[in-house]
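The report below walks through a single protein chain, beginning with its charged residues and ending with its cysteines. Please keep the sequence and the coordinates at hand while reading.

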Amino acid sequence: MKEKGVGGGKESSMNPLILDDAHFDEIVQQYPLMLIDCWAAWCGPCRIIAPIVDELAHDYAGRVTVAKLNVDENPKTAMRFGIMSIPTLLIMKNGREVDRIIGAVPKPFIEERLRKHV
């Protein structure tokens, strides 16, 4: 797992964490509430919501840990969660998926779904 920005361990970063197949479960278990952006470099809609995901990491720092999972580089995790369309945003609470958002949606839509779990 790589992390952009400062911080580590259990503290929430203002930058998204970068998840991978090898460390996915270990990292997700460390954070009580996560928003995980499942994306690919070739995906136009993924590039559209990438700045929104970065904003959410900043806006919700300390309350929600935001992470990114490149599905092309991490097919095991993508397959395990049945990711068929990207972008897919997974909302994980205490290591379990509690919600899922598929497609490039506006920031207020994502925030509304996140607020149900904060």
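In which strand does Asp-37 lie? Asp-37 belongs to strand S3, which covers residues 33-39. The model is a predicted one, with a mean pLDDT of 91 for the protein and 89% of its residues at 70 or more. Over residues 1-12, by contrast, pLDDT stays under 50, and the 27 contacts that the model has for this stretch beyond four places in sequence should be read with that in mind.

**Buried acidic residues**

Asp-37 is buried and yet has no salt bridge, the nearest side chain of opposite charge being that of Lys-68 at 4.4 Å. A salt bridge is counted here only when a side-chain nitrogen of Lys or Arg comes within 4 Å of a carboxyl oxygen of Asp or Glu. Leaving out residues up to four places away in sequence, Asp-37 touches a set of residues that includes Ile-49, Val-53, Ala-67, Lys-68 and Leu-89.

Glu-111, in helix H4 (residues 107-115), is likewise buried without a salt bridge, and Lys-107, the nearest side chain of opposite charge, is 4.5 Å away. Beyond four places in sequence, Glu-111 touches Leu-56, Asp-59 and Tyr-60.

**Salt bridges**

The structure holds 6 salt bridges, among them the three in this table.

| Acidic residue | Basic residue | Closest N and O atoms |
|---|---|---|
| Asp-25 | Arg-80 | 2.7 Å |
| Glu-55 | Lys-107 | 2.9 Å |
| Asp-59 | Lys-107 | 2.6 Å |

Because Asp-25 lies in helix H1 and Arg-80 in helix H3 (residues 75-80), their salt bridge ties together parts that are 55 residues apart in sequence. Asp-25 is partly exposed, with a relative accessible area of 41%, and Arg-80 is also partly exposed, at 49%.

Glu-55, Asp-59 and Lys-107 are linked in a network of salt bridges. Lys-107 lies in helix H4 and Asp-59 in helix H2, so this pair ties together parts 48 residues apart in sequence. Within the network, Lys-107 counts as buried at 18% relative accessibility, whereas Glu-55 is partly exposed at 39% and Asp-59 is partly exposed at 35%.

**Nonpolar cores**

In soluble globular proteins, nonpolar side chains tend to be buried together. In this model the largest nonpolar core has 21 residues, and those with the most contacts inside it are Met-34, Ile-36 and Ile-83. Strand S2 (17-19), helix H1 (24-28), strand S3, strand S4 (65-70) and strand S5 (88-93) each supply at least two residues of this core. Met-34, leaving aside its neighbours within four places in sequence, is in contact with residues including Leu-17, Ile-27, Val-64, Ala-67, Leu-90 and Met-92. A second, separate core of 16 residues includes Leu-35, Ala-57, Val-64 and Val-66.

**Cysteines**

A search of the whole structure finds 1 disulfide, formed by Cys-43 and Cys-46 with their sulfur atoms 2.4 Å apart. The torsion about this S-S bond is about 80 degrees, and the disulfide is therefore right-handed. Cys-43 is buried, with a relative accessible area of 3%, and Cys-46 counts as buried at 3% as well. Cys-38 is in no disulfide, because the nearest cysteine sulfur, that of Cys-46, is 9.2 Å away, while the cut-off for a disulfide is 2.5 Å. Cys-38 is itself buried, with a relative accessible area of 1%.

Notes: Residues are numbered from 1 along each chain as its sequence is written. Side-chain values use heavy atoms; hydrogens and water are left out. Buried means under 20% relative accessible area, exposed over 50%, partly exposed in between (1.4 Å probe, protein chains only). Helices (H or I, at least four residues) and strands (E, at least two) are DSSP runs, numbered from the N terminus. Lys and Arg count as positive and Asp and Glu as negative; His and the chain ends are not counted. Contact means heavy atoms within 4.5 Å. pLDDT is the predictor's confidence in each residue, from 0 to 100. A nonpolar core is a set of buried Ala, Val, Leu, Ile, Met, Phe, Trp, Tyr and Cys residues joined through side-chain atoms within 4.5 Å.
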